[in-house]
Amino acid sequence: MIGSPKRSDGGGRMSEGADQRKLPFQGVSHSLVDQALLSISNFLIGLAFIKFATKHDYYAYSQLIGYVALTLAIQAALVNTTALTLLPQKRGRERAEATHVFFGLQLFLSSTLAMVGGLFLWLTPAAISMDVIEMPLALAMVLMVLSSWLREFLRNVQFINMRADMCLQQDMAYVFLLAIAIGTLVVSQNVQADEMLLLIGTAGILSALPWLHRASIKPVFNWVQWSRLWSEIWPLARWSLPAGLVSWASGNGYLLIGAAVLGPETTAEIVAAKLFMAPLGTIFLSWGNIFRPKVSHWISVGARSEVARLTQLSILGVAGVVLIYFLAMVFAYPFLDAHLLGDKYKGLQFDIAWWGVFFVASGVSSICNGVLFAGGHFRQSFYAAAVSCVLSIPAMYFSGQVFSKDGLMFGAVLGEAAYALVLFLGVRRMMRGVAVGRNLEVLK
């Protein structure tokens with residue numbers, strides 16, 4: 001059963017028949033199915049925009065989702081990533097109490113960012129190259145931020161507790177509600193950004209609440225306890241926060257730069273092309289959900305060879321998955337072009353190919369970042385993100401002006417490749433400094 005530790009004898013050895021080599025893969029099937037469901041739901045959302053919305057609506061939705069992604073980068077740095085590092089090192093009551101305090105802190109942060117972001121974009125729509133953002137659209141985005149933070153926090157805690165099965169159950173409920181919502185919009189054939197954001201946010205909250213109750217997580221709103229937790233968080237987050245922000249700028253800069261250089265409609269085409277390669281990102285994330293808590297524990301006990309073995313295996317897996325997926329897309333594209341993309345989005349094969357290269361680098365960076373974060377080496381992630389941003393932002397802007405979409409995508413790929421390379425070198429440096437533990441028989 002997921003989350004049930006293997007028995008050990010008094011000397012700390014695994015009970016007979018236990019296979020240590022299979023332990024890293026505990027929960028992977030649940031996580032893969034979970035991410036497959038989320039990938040399908042994201043694909044259906046994008047397809048609904050492609051078939052039944054204007055390019056301007058798809059662009060507006062993508063820009064606001066970009067802001068949601070910015071807030072999630074902040075959540076990852078201040079809450080989720082630090083929880084993945086700190087909580088696996090705690091046990092029993094101590095872990096439960098820390099989880100409650102984390103939850104209260106993240107509710108405060110998400111509410112603040114949701115309201116500030118919604119107000120800012122409503123007052124200054126030009127910040128995302130829009131003429132106007134109506135109040136319903138701004139409020140829908142506020143709900144989306146609150147919903148996304150709640151879902152991601154709960155999913156993170158479930159993976160820390162090795163309960164990938166509970167995470168899968170929660171996301172099955174989410175996708176079910178979301179499918180009903182998308183179906184309702186499609187039947188009306190009037191897909192708009194505000195309605196889609198409102199329905200996604202509502203589905204996220206409704207699907208998370210029962211599992212939040214089941215997990216018995218109660219938010220703690222206490223400044224003294226927040227301060228005590230913050231003293232543990234900040235030594236890690238002071239590097240992961242700027243790293244996350246810079247990484248977001250590098251990874252999502254194509255939206256803002258594309259709007260300024262190419263225009264909203266051409267930017268919508270790039271977003272549509274990414275839709276068909278995005279399942280790769282969810283596959284990498286599903287592995288990371290299992291990979292990172294396990295690696296965090298292994299590093300804490302000095303199991304250096306196990307970390308190195310799993311890291312190498314993961315990077316090889318990234319290359320294999322991308323190759324297989326890309327070949328499948330090559331054969332599937334004529335059907336997609338004829339039956340799904342329609343006249344508005346024809347001729348995206350080169351854009352899709354660019355995203356394929358991008359996700360090769362993205363997969364490697366995801367694995368390497370997971371190892372560095374598990375070991376508490378957040379500074380290296382910031383350096384890598386800074387290098388990526390310095391290379392990609394100017395490259396996207398200037399080459400986009402000369403070579404249009406191909407130039408913009410070249411800049412995005414260049415930045416992600418640099419990010420992956422610097423992280424990979426950082427992992428190699430970190431592993432040389434990990435002290436080898438003596439009692440490694442129990443690798444739970």
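Helices here are DSSP runs of type H or I with at least four residues, numbered from the N terminus. The model is predicted.

**Whole chain**

Start with the full chain in a cartoon view. The protein has eleven helices and zero strands, so colouring by secondary structure shows the order α-α-α-α-α-α-α-α-α-α-α from the N terminus on. Of the 444 residues in the protein, 54% are buried. Among contacts with a separation of 6 or more, 82% are between residues 24 or more positions apart.

**Stop 1: helix α4 and Arg155**

Select Arg155 and Glu152. Both belong to helix α4, and they sit three residues apart, about one turn of the helix. Their side chains form a salt bridge, with an N to O distance of 3.5 Å. Are the two partners buried or partly exposed? Arg155 is buried, because its relative accessibility of 3% is under the 20% cut-off. Glu152 has 24% relative accessibility, which means that Glu152 counts as partly exposed.

**Stop 2: from α4 to α5**

Stay on α4 and add Arg151, then select Asp171. A salt bridge joins the side chains of Arg151 and Asp171, at 2.7 Å from N to O. This pair links distant parts of the chain: Arg151 is in helix α4 (residues 135-160), Asp171 is in helix α5 (residues 164-188), and 20 residues separate them. Arg151 is buried, with a relative accessible area of 8%. Asp171 is buried as well, at 0% relative accessibility.

In general, side chains of opposite charge can pair when their charged atoms come close. In this structure there are eight salt bridges.

**Stop 3: along α5**

Select residues 164-188, which make up helix α5. How far apart are the end C-alpha atoms of α5? They are 36 Å apart, and this agrees with the expected span, because 25 residues at 1.5 Å a residue should also give 36 Å. Just after α5, pick Gln189, where phi is positive at about 55°.

Go back into helix α5 and pick Ile180. Its relative accessibility is 45%, so Ile180 counts as partly exposed. Draw a C-alpha to C-alpha distance from Ile180 to Leu199: the two residues are 19 apart in sequence and 9.6 Å apart in space.

**Stop 4: the nonpolar core**

Select Tyr58, Tyr61, Phe102, Met196 and Trp355. The largest nonpolar core has 135 residues, and these five touch the most other members. Keep Tyr61 and show its neighbours. Leaving out residues up to four places away in sequence, Tyr61 touches Ile45, Phe49, Ala193, Met196, Leu197 and Ile200.

**Stop 5: the salt-bridge network**

Select Lys55, Glu269, Asp351 and Lys405, which are linked in a network of salt bridges. Within it, the side chains of Asp351 and Lys405 meet at 2.8 Å, N to O. Asp351 lies in helix α10 (residues 349-374) and Lys405 in helix α11 (residues 378-432), so this pair ties together parts that are 54 residues apart in sequence. Both Asp351 and Lys405 are buried.

**Stop 6: helix α7**

Select residues 223-261, which form helix α7, and within it Ser250. Ser250 is buried, with a relative accessible area of 5%. Which residue does the side chain of Ser250 meet in a polar contact of 2.7 Å? The partner is the side chain of Ser388. Leaving aside residues up to four places away in sequence, Ser250 touches Ser388, Cys389, Ser392, Ile393 and Met396.

Next, pick Gly253, also placed in helix α7. Its relative accessibility is 7%, so Gly253 counts as buried. With residues up to four places away in sequence not counted, Gly253 touches Trp248, Gly258, Ile393 and Met396. Ile393 and Met396 therefore appear in the contacts of both Ser250 and Gly253. Gly253 and Leu408 are 155 residues apart in sequence, and their C-alpha atoms are 9.8 Å apart in space.

**Stop 7: cysteines**

Finish with Cys389, already shown as a contact of Ser250. At 17% relative accessibility, Cys389 counts as buried. Select Cys368 too: it is buried, with a relative accessible area of 1%. A disulfide is a covalent bond between the sulfur atoms of two cysteines. How many disulfides does the structure have? With a cut-off of 2.5 Å between cysteine sulfur atoms, the count is zero.

Notes. Residues are numbered from 1 along each chain as its sequence is written. This is a predicted model: local features need pLDDT of at least 70, side-chain atom pairs count only at pLDDT 80 or more; totals for chains, interfaces and linings use all residues. Side-chain values use heavy atoms; hydrogens and water are left out. Helices (H or I, at least four residues) and strands (E, at least two) are DSSP runs, numbered from the N terminus. Buried means under 20% relative accessible area, exposed over 50%, partly exposed in between (1.4 Å probe, protein chains only). A polar contact is a pair of N or O atoms within 3.5 Å; within protein, one must be able to donate a hydrogen and the other to accept it, and residues adjacent in sequence count only if both atoms are side-chain atoms. Contact means heavy atoms within 4.5 Å. A salt bridge is a side-chain nitrogen of Lys or Arg within 4 Å of a carboxyl oxygen of Asp or Glu. A nonpolar core is a set of buried Ala, Val, Leu, Ile, Met, Phe, Trp, Tyr and Cys residues joined through side-chain atoms within 4.5 Å. The expected span of a helix is 1.5 Å times one less than its number of residues.
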